[in-house]
Amino acid sequence: MNYSLSSLTSASDCDKLLQTANLDRSNLASRQATLTKQCNAIGPLSQKLVTDIADATSELNNLNGYLPTLTPGSDSQENGAARQKRLELNLVLLNQKVDDYNTIVLVGKQRALNETEARLAEVDAFLVLLNARIAEFNI
């Protein structure tokens with residue numbers, strides 16, 4: 001992008017812009033680091049969720065087949081019923097997490113990361129031009 005830096009008439013004007021640009025760069029670098037970390041975490045976590053859901057579903061199916069064979073009111077039957085409820089709740093929670101760590105979320109994070117990197121590159125280019133203008137005042 002073209003900037004009208006030649007219209008700046010003093011080094012102090014440049015310094016004000018330099019402070020703002022450096023702050024923008026710092027914020028963008030922080031956002032870039034956060035988004036990179038999130039993108040790297042989503043894939044493995046998504047795979048783990050799928051595995052955990054399969055394991056919990058399998059255990060629940062086994063328990064559902066076994067519970068009817070137990071004596072009603074026995075400790076084993078009560079413990080099995082409690083375990084069944086915990087597994088059902090666990091499955092609900094795991095399925096909710098899948099919505100937070102799916103491919104659509106990953107693509108959205110990747111898009112945000114690419115946009116942040118582009119903005120960061122633009123700020124870096126601006127800083128180069130601004131420092132060149134400051135050097136003109138120091139000659």
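Buried means under 20% relative accessible area, exposed means over 50%, and partly exposed is anything in between, using a 1.4 Å probe and protein chains only. Keep that scale in mind for the close-ups below. The model is predicted, so local features need pLDDT of at least 70 and side-chain atom pairs count only at pLDDT 80 or more, while totals for chains, interfaces and linings use all residues. Residues are numbered from 1 along each chain as its sequence is written, and side-chain values use heavy atoms, with hydrogens and water left out.

**View 1. Arg 25 and Asp 124 form a salt bridge.** A salt bridge here is a side-chain nitrogen of Lys or Arg within 4 Å of a carboxyl oxygen of Asp or Glu. Side chains of opposite charge can pair when their charged atoms come close. In this pair, the closest N and O atoms are 2.5 Å apart. Arg 25 belongs to helix α1 and Asp 124 to helix α3, so the bridge ties together parts that are 99 residues apart in sequence. Helices (H or I, at least four residues) and strands (E, at least two) are DSSP runs, numbered from the N terminus. Arg 25 is partly exposed, at 30% relative accessible area, and Asp 124 is partly exposed too, at 27%.

**View 2. Two more salt bridges, Asp 52 with Lys 48 and Arg 111 with Glu 115, each sit within a helix.** The whole structure holds five salt bridges. Asp 52 and Lys 48 have their closest N and O atoms 2.8 Å apart; they are four residues apart in helix α1, which means a separation of about one helical turn. For Arg 111 and Glu 115 the closest N and O atoms are 3.1 Å apart, and these two lie four residues apart in helix α3. Arg 111 is exposed, with a relative accessible area of 58%, whereas Glu 115 is partly exposed at 39%.

**View 3. Twelve residues make up the largest nonpolar core.** Such a core is a set of buried Ala, Val, Leu, Ile, Met, Phe, Trp, Tyr and Cys residues joined through side-chain atoms within 4.5 Å. Among its members are Leu 5, Cys 14, Ala 21, Leu 28, Val 123 and Ile 134. The elements giving two or more residues to this core are α1 (11–66) and α3 (103–137), and α3 gives the most, with six. A second, separate core has ten residues, including Ile 53, Ala 56, Leu 70 and Leu 87.

**View 4. Val 123 and Thr 116 each have contacts beyond their sequence neighbours.** Contact means heavy atoms within 4.5 Å. Leaving aside neighbours within four places in sequence, Val 123 touches Ala 21, Asp 24, Arg 25 and Leu 28. On that same basis, Thr 116 is in contact with Leu 28, Arg 31, Gln 32 and Leu 35. Thr 116 lies in helix α3 and is buried, at 2% relative accessible area.

**View 5. Phe 137 is part of helix α3.** What does Phe 137 contact, leaving aside neighbours within four places in sequence? The answer is Leu 8, Thr 9, Ser 10, Ala 11 and Cys 14. Phe 137 is partly exposed, with a relative accessible area of 28%, while Cys 14 is buried at 0%. The C-alpha atoms of Phe 137 and Tyr 101 are separated by 52 Å, with their positions 36 residues apart along the chain.
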